[in-house]
Amino acid sequence: MSTVTTTTTSVPAPSVGTGHTRVEGRDKVTGAARYAAEVPFAGLAHGWLVLSTIARGRIRALDTEPVLAMPGVLAVLDHRNAPHLNTDYAGLLGKPDPTCAVFQHDRVPHFGWPVALVVAETPEQAREAAEALVVHYEEEPHDVELTSDHPGCRPLDGHMPAVTEKGDLDARLASSAFVVDVEYSTPEEHHNPMEPHAATARWDDGRLEVTDSNQGVTWVAGELQNLFSLDPASVRVRSEHVGGGFGSKGVRAHQVAAVMAATMLQRPVRVALTRRQMFTLTGHRSPTIQRVRLGADADGRLRALEHRSVSRTSTFHDFVEPSAGAARVMYDADAHHTANNVVPLDVPTPTWMRAPGEAPGSFALEAAFDELAEKCGIDPIELRLRNEPEAGPVSGLPFVGRNVAACFREGARRFGWADRDSRPGVRREGRWLLGTGTAAASFPAGSAPSTATATAHPDGTFTIRISAADIGTGARTALALIAADALQVSPERIRVRLGDSDFGPAMIAGGSMGTRSWSWAVKEAAGELRERLALGADLPAQGLTVRSDTTEAVGALGPAERHSYGAQFVEVAVDVTTGEVRVRRMLGIFAAGRIVNPLTARNQLLGGMVWGISMALHEEAARDRASGGVVGADLAGYHVATHADVPRIEADWIEDTDPDDPVGIKGIGEIGTVGAAAAVANAVWHATGVRHRSLPIRPDRVLTAAAGAPDA
């Protein structure tokens, strides 16, 4: 035994709040970091999913015999020979989406539904055989078109109530000096992380091991345990490096199919999705139709607010895009009504996508606020400041660190808002019309129970183990800085291991809750370890380990409105002869709690803002009403913003903290996206004098508006 203490003659300067490059950066740029589809396994077989070519009906027959005779083919799984799965349970996010419970029946509820898995010795053989498999269907009429008056439209609770109401809306609207009553729409959008989804399943001495790319290993492990009725100790999921997720990397068909095939063949099986398959199998953001009605008095103070959103879900699993939730936080009124409705259609189930609800919801709400500012003759920032609520508009709970006003004041100063001519369509630079716009942003700052361990080694180094997921956000580095400060050592002495379900339960990387939740657990474990070492605890050869569990602490948090906030500012140039819209400069100022690592935090905020530009001007998945499938399901047909679209963009933050969080952080993964599309749309109106209420603001829509059509 030996004794080690972390106390030194000089305690290192705090690591949290200083910029640090990613601890795994060298591995990633040199190729040493292996992603899910790159991890080698002896005897690896490859599976390829066969997807339906109809949007509704049933499978009448599959011609598998010719496929089984093809070179290298090992098996074909479909509803006739696949094992039965248990779907009668509630997991982390509720009942499982039946899409992941593959090959359980002959029904086809949407285009691209998994109907079979072909397994072969090589991926090339598997793909060729999968494309050769003939499937016979009985086709039925389908419906994929979202309308606000669809007979199946109904309210749906999600992680928030479907409907909230207070006050007499009609009476307050009737008595308002200024009224805005407008409808906005956003299209179907897709995640498209850089790394496609992939999973490898194998059995090792009676234990199922899955190497995956996901946003939460304990989440995926729990779902697989339930689906296959396995003992929890017999499932291990690992996901060390993840090349982006944005809400799409949960439990999907490919993981379940890989486990089925590995069980049948008793050898490792990998199933990797193509980019085109991701447009069908990994979820998407539903299109929305949103109606916003605002009523204000002569001073611009809200008397009535209504925000109603309609999104779509599948016919077999409920999911709601809670766009009306944005209004429940941002603005209050004597009459305040919000509703989230869904329409079941013959489409894949939508899912969480970066800033779910808030991204499309803030577009409608913040664009409507800009329209109200125009009607009232009040500066858009001033109108928002006049309507700052003192407590949660719906909940009535106190705000924890609501710094929207500070974000607007700092952003306006740096953007030069005071020099803005409020009149639309008056600034011109050659063929370009110039305009500026702004919008507010908010996103919940939640915490979830997590566990972590901290180990002190005899060589003076420390290892943190936590089932966190670094999906490109820099979580490893942030947790290393948190641990270093808790142990009062330099970050170079900290090693962070994550992405292994054997490390115990932890929050997923989602909802801007990951780093906040994990940091709490890491700080507790590292802090207790330091105390033990300071008291002279014996250090065995295998090291001294302390485990934390924040379940009780998180559960003791009092009810409050906890959010990150921001103010977005955009300048655009619009060529009304070609319809081109260019973002010239963009500034986001945020109040997002204590910033752990300014370097990676700024990356996250900028990435979110670029996502907002992409949402405003480019992203749109067009679904063919005839086939029910997405047209141009690839990155050639589905446009996203690139470097050329973002010439000058800046993100910064103001001093902010959450006093109830042990580190003081909130969340930054999604706040950068919120309000960004509205700021772009508001800037386009300022440039041209025409409102665009449907995203994206395509060149054809600009040209139509320039030709004298009513607001787009």
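The following exercises, each with a worked solution, concern selected helices, strands and residues of a predicted model.

**Exercise 1. Helix packing**

Task: Determine at what angle α12 and α13 cross, and which residues meet in their contact.

Solution:
1. Two packed helices are described by the angle and the distance between their axes.
2. Helix α12 spans residues 475–487 and helix α13 spans residues 514–534. Their axes come within 8 Å and cross at roughly 30 degrees.
3. Angles under 35 degrees count as roughly parallel, and α12 is therefore roughly parallel to α13.
4. The crossing of these two helices, α12 and α13, is right-handed.
5. On the α12 side, the contact is made by A475, A478, L479, I482, A483, A486 and L487. Their counterparts in α13 are T515, W518, S519, V522, K523, A526, G527, L529 and R530.
6. Sorted by class, the contact of α12 with α13 comprises 11 nonpolar, 3 polar and 2 charged residues.

**Exercise 2. An open sheet**

Task: Establish the strand order of the open sheet of 3 strands, and identify its edge strands.

Solution:
1. The order is β5-β3-β7, and the pairing is antiparallel.
2. The edge strands are β5 (107–108) and β7 (134–139), each of which pairs on one side only.
3. Strand β3, residues 57–63, is joined to β7 by 6 bridges in the antiparallel sense.
4. Within this pairing, R58 has E138 of β7 as its bridge partner.

**Exercise 3. The partners of β14**

Task: State in which sense, parallel or antiparallel, β14 pairs with β2 and with β11.

Solution:
1. Strand β14 covers residues 269–272, and its pairing with β2 (residues 45–51) is parallel, over 3 bridges.
2. In β14, V271 stands opposite G47.
3. Strand β11 (residues 198–204) pairs with β14 in the antiparallel sense, over 4 bridges.
4. Here the bridge partner of A201 is V269 in β14.

**Exercise 4. The surroundings of S362**

Task: Decide whether S362 is buried or exposed, and list residues that it touches.

Solution:
1. S362 belongs to helix α9, residues 358–376.
2. Its relative accessible area is 4%. A residue under 20% counts as buried, so S362 is buried.
3. Leaving aside residues up to four places away in sequence, S362 touches A326, G357, A367, V674, G675 and A678.
4. For a comparison of sequence and space, M264 and S362 are 98 residues apart in sequence, and their C-alpha atoms are 48 Å apart.

**Exercise 5. Backbone exceptions in loops**

Task: Locate the cis peptide bond that leads to P696, and describe the setting of D205 and S512, which have positive phi values.

Solution:
1. Most residues other than glycine have a negative phi, and most peptide bonds are trans.
2. The peptide bond from L695 to P696 is cis, with omega near -5 degrees. P696 sits in the loop between α16 (676–688) and α17 (699–706).
3. D205 has a positive phi near 55 degrees and is not a glycine. D205 lies in the loop that connects β11 and β12 (207–212).
4. The relative accessible area of D205 is 78%. Exposed means over 50%, so D205 is exposed.
5. S512, likewise not a glycine, has a positive phi of about 55 degrees. Its place is in the loop between β23 (494–498) and α13.
6. With a relative accessible area of 13%, S512 is buried, whereas D205 is exposed.

Key:
Residues are numbered from 1 along each chain as its sequence is written. This is a predicted model: local features need pLDDT of at least 70, side-chain atom pairs count only at pLDDT 80 or more; totals for chains, interfaces and linings use all residues. Side-chain values use heavy atoms; hydrogens and water are left out. Axes are lines fitted to C-alpha atoms, for helices over the stretch in contact, and angles run from 0 to 180 degrees between N-to-C directions. Angles under 35 degrees count as roughly parallel, over 145 as roughly antiparallel, 65 to 115 as roughly perpendicular and the rest as oblique. A crossing is left-handed if the near helix is turned anticlockwise from the far one by less than a right angle, and right-handed if clockwise. Contact means heavy atoms within 4.5 Å. Ala, Val, Leu, Ile, Met, Phe, Trp, Tyr, Cys and Pro count as nonpolar, Asp, Glu, Lys and Arg as charged, and the others, Gly among them, as polar. Two strands pair if DSSP finds at least two bridges between them. Buried means under 20% relative accessible area, exposed over 50%, partly exposed in between (1.4 Å probe, protein chains only).
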